[in-house]
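Let's take a walk through this structure together. Keep the viewer open, and we will move from one residue outward to the parts around it.

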Amino acid sequence: VGKKVQAIYLWWHKPVINKELLQSLPNLKVIANSGVGMDHLDLKLVASFGVKMANAPRAVSSSTANTGMALLLASARRLVEVHNISISPSMEYCEADILGVKVAGATLGIIGMGSIGYKIALRAKAFEMNILYHNGTQRKVQEEQAVGATYCKKMDSLLQQADFVMLVVSLTPQTHKLIGKRELELMKPTATLINISRGAVVDQEALVAALQTGVIRAAALDVTSPEPLPRDHPLLKLKNVIITPHLGIKTDKASYMITEEAVENILAALSGLPLPSEVLPS
């Protein structure tokens with residue numbers, strides 16, 4: 001049926017798009033992705049076959065922003081630790097051992113202020129947080145004022161000031177291991193790193209060392225590299241880490257909206273119309 005296929009809807013990176021598949025689908029016009037991240041695709045290869053590509057940014061931004069804030073709050077108040085205490089047979093604990101970190105008045109540093117990053121800023125404002133952000137381009141003054149965000153031209157400045165650092169960037173060659181040993185050492189020893197982008201944005205070996213030695217207080221990760229981590233990975237043994245299995249957009253409503261957005265892009269491509277969420281190779 002290769003000649004009949006005109007569109008592919010990628011669901012969690014399946015099917016794998018490679019040269020052989022593209023060669024077998026001579027009438028393919030569009031590939032629509034179920035999510036924002038496109039790091040699993042060779043964009044230049046796909047474009048060389050004259051195939052258009054689209055993602056689903058509108059559908060995923062709110063759910064992913066909610067995941068980021070949920071991880072921030074869960075880490076700040078040590079919810080996983082205290083849950084385990086609450087269901088333990090003895091329920092023995094010392095009040096001083098379960099003290100959390102106050103969120104209101106704390107500084108959140110957002111690295112990557114696209115649509116998801118901006119929605120995180122909106123939520124953080126409601127929690128009375130001070131907001132710093134680092135981005136490739138500065139947001140409009142009106143947008144900054146709406147969430148009370150301050151632009152940091154240099155990421156180092158944000159890392160030095162933030163109590164919580166939230167990673168919301170796409171995985172590119174430039175952002176691969178964006179946060180390593182040097183960056184972690186710039187952070188406050190009381191700071192928390194939250195990653196809702198891609199696991200490879202963080203040097204995980206450096207993160208393990210930083211968490212073990214008190215370079216930073218804690219981490220909350222919705223993404224790792226690989227996913228899932230090997231069961232003997234040291235990150236899984238640390239009490240000051242929360243790890244979730246790439247929950248980002250996984251809600252019933254978001255899944256439905258992603259499919260709607262993908263269909264919208266596919267129908268546009270098949271009709272020769274501009275794609276609402278077209279992604280171009282860089």
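Which backbone oxygen does the side chain of asparagine 33 reach? Before we settle that, please keep in mind that this is a predicted model. The partner is the backbone oxygen of glycine 37, and the separation is 3.0 Å. The side chain of asparagine 33 also has a polar contact with another side chain, that of histidine 40, at 3.1 Å.

Now look at the setting of this residue. Asparagine 33 belongs to strand E2. Its relative accessibility is 3%, so asparagine 33 counts as buried; the cut-off for that is under 20%. If we set aside neighbours within four places in sequence, asparagine 33 has contacts with Tyr9, Leu10, Met38, His40, Ala54, Asn55 and Ala56. The rest of the strand fits this picture: E2 is covered on both faces, with Val30 and Ala32 buried on one side and Ile31 and Asn33 buried on the other.

From the strand we can step out to its sheet. E2 is part of an open sheet of 3 strands, ordered E1-E2-E3 and paired in parallel. The edges are formed by strand E1 (7-10) and strand E3 (52-54), each of which pairs on one side only. From one strand to the next, the twist averages 15°. E1 and E2 are joined by 4 bridges, and here alanine 7 stands opposite valine 30 of E2. On the other side, strand E2 (residues 30-33) pairs with E3 over 3 bridges, where alanine 32 has alanine 54 in E3 as its bridge partner.

What lies across these strands? Helix H10 (residues 252-270) does, crossing E1, E2 and E3 and running at about 160° to E1. Follow the chain back from H10 and you come to threonine 244, in the loop between strand E10 (241-243) and H10. With 17% relative accessibility, threonine 244 counts as buried. Its side chain and that of aspartate 222 share a polar contact of 2.7 Å. Outside the residues up to four places away in sequence, threonine 244 touches Leu71, Leu221, Asp222 and Val223.

Next comes helix H3 (57-76), one of the elements that give two or more residues to the largest nonpolar core. H3 has 20 residues and spans 28 Å from first C-alpha to last, close to the 28 Å expected at 1.5 Å a residue. Of its 20 residues, 14 are buried, so H3 is largely enclosed by the rest of the structure. Just after H3, arginine 78 takes a positive phi of about 55°.

That brings us to the core itself. The largest nonpolar core has 33 residues, and Leu72, Leu108, Ile110 and Ile120 are the ones that touch the most other members. Alongside H3, the elements giving two or more residues are strand E4 (107-111), helix H5 (115-126), strand E5 (130-134) and strand E7 (164-167). The most comes from H3, with 8 residues. For a view from one member, try isoleucine 120: not counting residues up to four places away in sequence, isoleucine 120 touches Ala65, Met69, Leu108, Ile110, Met166, Val168 and Ile196. Finally, there is a second, separate core of 30 residues, with Cys152, Ile179, Leu207 and Ile216 among them.

Note on methods. Residues numbered from 1 in each chain as written. Predicted model: local features only at pLDDT ≥ 70, side-chain atom pairs only at ≥ 80, totals over all residues. Heavy atoms only, no water. Pairing = 2+ DSSP bridges. Axes fitted to C-alpha atoms, helices over the stretch in contact; angles between N-to-C directions. Contact = heavy atoms within 4.5 Å. Core = buried A, V, L, I, M, F, W, Y, C linked by side-chain atoms within 4.5 Å. Buried < 20%, exposed > 50% of the residue type's maximum accessible area, 1.4 Å probe, protein only. Expected span 1.5 Å × (residues − 1). Polar contact = N/O pair within 3.5 Å; in protein donor to acceptor, adjacent residues only side chain to side chain.
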